[in-house]
Each structure stands twice: as structure tokens, then as C-alpha cells.
Amino acid sequence: MGFLSVLGMAQRLVKERAAPGGAVIDATCGNGVDTQFLAGLVGPRGAVYAFDIQEAALERTRARLAALELGGAGWRRNASLTDGEAPGVGETRNAAEPGAAASEVGRAPQRGGREAANGGPLRLVHASHAEMDKHVSDAHRGMIDAVMFNLGYLPGANRDQAVITEPASTIAALKLAMTLLRPGGIVTAVLYPGHPGGLEEAEAVAAWASALPQVEGQAMLYRLVQKPEAPYLIAIEKKSAAAKPLI
Ligand SMILES: C[S@@+](CC[C@H](N)C(=O)[O-])C[C@H]1O[C@@H](n2cnc3c(N)ncnc32)[C@H](O)[C@@H]1O
């Protein structure tokens, strides 16, 4: 039967912690597979922030989610996933992009409880995840159920495999993710030591997670130890106020 894949394990850990009405983050939306998964978990009253530095990735994610809307099931009928003025659809242009100012398009989240703290499910953000704190609404700070990172390059990108996640911005983003999580929330990072640049990044993430004070969170490793080049998962659960001290 074999073990769950690293992506499957990441989704399982997230699924145990994210529920309808919650707020979650896809830190590397790529083709939108994880974004789709997260949107399905939080439903029409939740919020999914999806970041990528490549417009092509945002387009693919937008198309994937829009196609699902046509499926007509559940929240997809209610969730508006198109650009522009549609209520609840947010998109932020990359502030670092020449000539582009950071601006939210779409309705700002309402303040209040878990159910009210949303303005629609999907907010596509054209920016580095190292700036995620600038794009998450005040209502969701410290309330995020899960942040998923799937590092490396955009699958299927022909010209742009040169665009990969980088250790410095990844570590910065992981630190921000921890501040945005609710107690008991989770960060998952799928690491790819087998591609150029991936080993350095994986080792940086592993070192950061290993050094994370236990009062901040509990870090785990999910890895096929006989295959050092295979992708692996690091997950960090933010310390819950009620959690017992770790041994
Ligand atoms: C392995 S892919 C993600 C796959 C995606 N989760 C999916 O389900 O298809 C990695 C993505 O990270 C993006 N990326 C690279 N650096 C980034 C950064 N600093 N901030 C956000 N996204 C970044 C790449 O453009 C690429 O689309």
C-alpha cells in the first residue's frame, strides 16, 4: 500500500486543522492544486490567500478555480472567482513590480468572528510570500488555520524553471507564516532537495525548523530516509496556549 505522498500528508495535516469559514494561505500557488484544496476546506464563507510571483501561476490558479465554479457543486456556485469588481474577489499586484502599486481589488474582509472575517474565498496575490503579512487582513492575523508551501519551480513551466523559490525569502515567509497562524494552526513545507538549488533551500528550512523554540511550535519531518533526493515534508504546528510542555 505504501505511505502517503508528501503532498498527501501535507493535505492531511491541513485538513485536520482547517474548517469551513476559516482563513488559510497558499504561499506558492503555482498551478493552483493546493489553492483548490484549501478553497474546498474553508468554503464560501472562508478566505484563501494565494501568493505567487509569477503571473502565469496566478492565471493557472484562477482558471482552475473558475473551471470548478462551472461544476456547480456546493460553495463553487456561490463563490465568485473572476477578476475585478465581483464581491469577495481580491487580487493584489506586486508592489515590487515596476510601475505596479500594491492594491486590493475586491471587498475588504469584515471584522468580527471567524465566520464574518471574510470577503469571499479567493484572494490571488501577485507578490512574494515574503510579503504575505502586508496582504493578510487585520481580521485574519493570528487567525490563519494553515499555510501551505510547495517549494521549487512552477510545474509545467517551460521557460521559467529558472524561477524557483529561494532560501532567504522562503525563511522570511515561514517566519511570517508563524506570526499569522492561530495557536494550533499549521505550516506545511514540501521541499525538493533533488533539483538545482533545492538542496540548499531544503537544508535552510530544516535548520530553521530544528532551531525553532518549542514554545513557538512543534516541528516534524516526513521523509523517505532511503531516498535522500526525494521530496520531503516539514510541518510546524504553532504552539497552542493550552498545549502541554513538550518533553
Ligand atoms: C512547486 S510550485 C507550487 C505548486 C503549487 N502549489 C500547485 O499546487 O501547483 C512553486 C511556485 O512558487 C512560486 N514562487 C517562487 N518564488 C516565490 C515567492 N518568493 N513567493 C511566492 N511564490 C513564489 C513559483 O512561481 C512557483 O509557481
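This report describes the fold, the core, the ligand shell and selected residues of a predicted model.

**Overall organisation**

The protein contains seven helices and nine strands. Of its 247 residues, 43% are buried. Contacts across the sequence are frequent in the following sense: among contacts between residues at least 6 apart in sequence, 69% join residues at least 24 apart.

**Nonpolar core**

The largest nonpolar core comprises 57 residues, and Val24, Val147 and Ala177 have the most contacts inside it. Strand E7 makes the greatest contribution to this core, giving six residues. Once residues up to four places away in sequence are set aside, Val147 touches Ile25, Ala27, Ala177, Leu180, Leu181 and Val187. One of these partners, Ala177, is itself among the residues with the most contacts inside the core.

**Helix H1**

Helix H1 spans residues 6-15, and its buried residues are Val6, Ala10, Gln11, Leu13 and Val14. Seen down the helix axis, these buried residues fall within an arc of 160°, so they line one face of H1. In general, an α-helix has 3.6 residues a turn, so residues three or four places apart point the same way. The face of H1 turned away from the buried side carries the exposed residues Gly8 and Arg12. The packing partners of the buried residues are helix H2 and four strands, namely E6 (144-150), E7 (181-191), E8 (217-222) and E9 (232-238).

**Strands E5 and E2**

Strand E5 covers residues 122-126, and five of its five residues are buried. Leu122, Leu124 and His126 point one way from E5, whereas Arg123 and Val125 point the other way; burial therefore applies on both sides of the strand, given that a residue is buried if 20 or more other C-beta atoms lie within 10 Å of its own. Strand E2 (residues 47-52) pairs with E5 in the parallel sense, over five bridges. Within this arrangement, Asp52 stands opposite His126 of E5.

**Ligand shell**

The ligand is surrounded by 23 residues, of which Thr28, Gly30, Asn31, Val33 and Leu154 come nearest. Helix H2 (33-42) and strand E2 are the elements that give two or more residues to this shell. By residue class, the shell divides into ten nonpolar, eleven polar and two charged residues. Strand E2 thus has a part both in the shell around the ligand and in the pairing with E5.

**Gly142 and Arg182**

Gly142 lies in the loop between helix H5 (132-135) and strand E6, whereas Arg182 is found in strand E7. Gly142 is partly exposed, because 14 other C-beta atoms lie within 10 Å. Arg182 also counts as partly exposed, because it has 19 C-beta neighbours inside 10 Å; the cut-off for a buried residue is 20 or more. Leaving aside neighbours within four places in sequence, Gly142 touches Leu180 and Arg182, and Arg182 is in contact with Gly142, Met143, Ile144 and Asp145. Leu180 is also one of the residues touched by Val147.

The table lists two pairs separated in sequence, with their C-alpha to C-alpha distances.

| Pair | Separation in sequence | C-alpha to C-alpha distance |
|---|---|---|
| Gly142 and Thr179 | 37 residues | 6.5 Å |
| Arg182 and Ala23 | 159 residues | 9.9 Å |

Technical notes. Residues are numbered from 1 along each chain as its sequence is written. This is a predicted model: local features need pLDDT of at least 70, side-chain atom pairs count only at pLDDT 80 or more; totals for chains, interfaces and linings use all residues. A residue is buried if 20 or more other C-beta atoms lie within 10 Å of its own, exposed if 12 or fewer, and partly exposed in between; C-beta atoms are placed from the backbone. Two strands pair if DSSP finds at least two bridges between them. A residue is near a molecule or strand if its C-beta atom, placed from the backbone, lies within 6 Å of it. Ala, Val, Leu, Ile, Met, Phe, Trp, Tyr, Cys and Pro count as nonpolar, Asp, Glu, Lys and Arg as charged, and the others, Gly among them, as polar. The arc is that of the directions from the helix axis to the C-beta atoms. Two residues are in contact if their C-beta atoms, placed from the backbone, lie within 7 Å. A nonpolar core is a set of buried Ala, Val, Leu, Ile, Met, Phe, Trp, Tyr and Cys residues joined through C-beta atoms within 7 Å.
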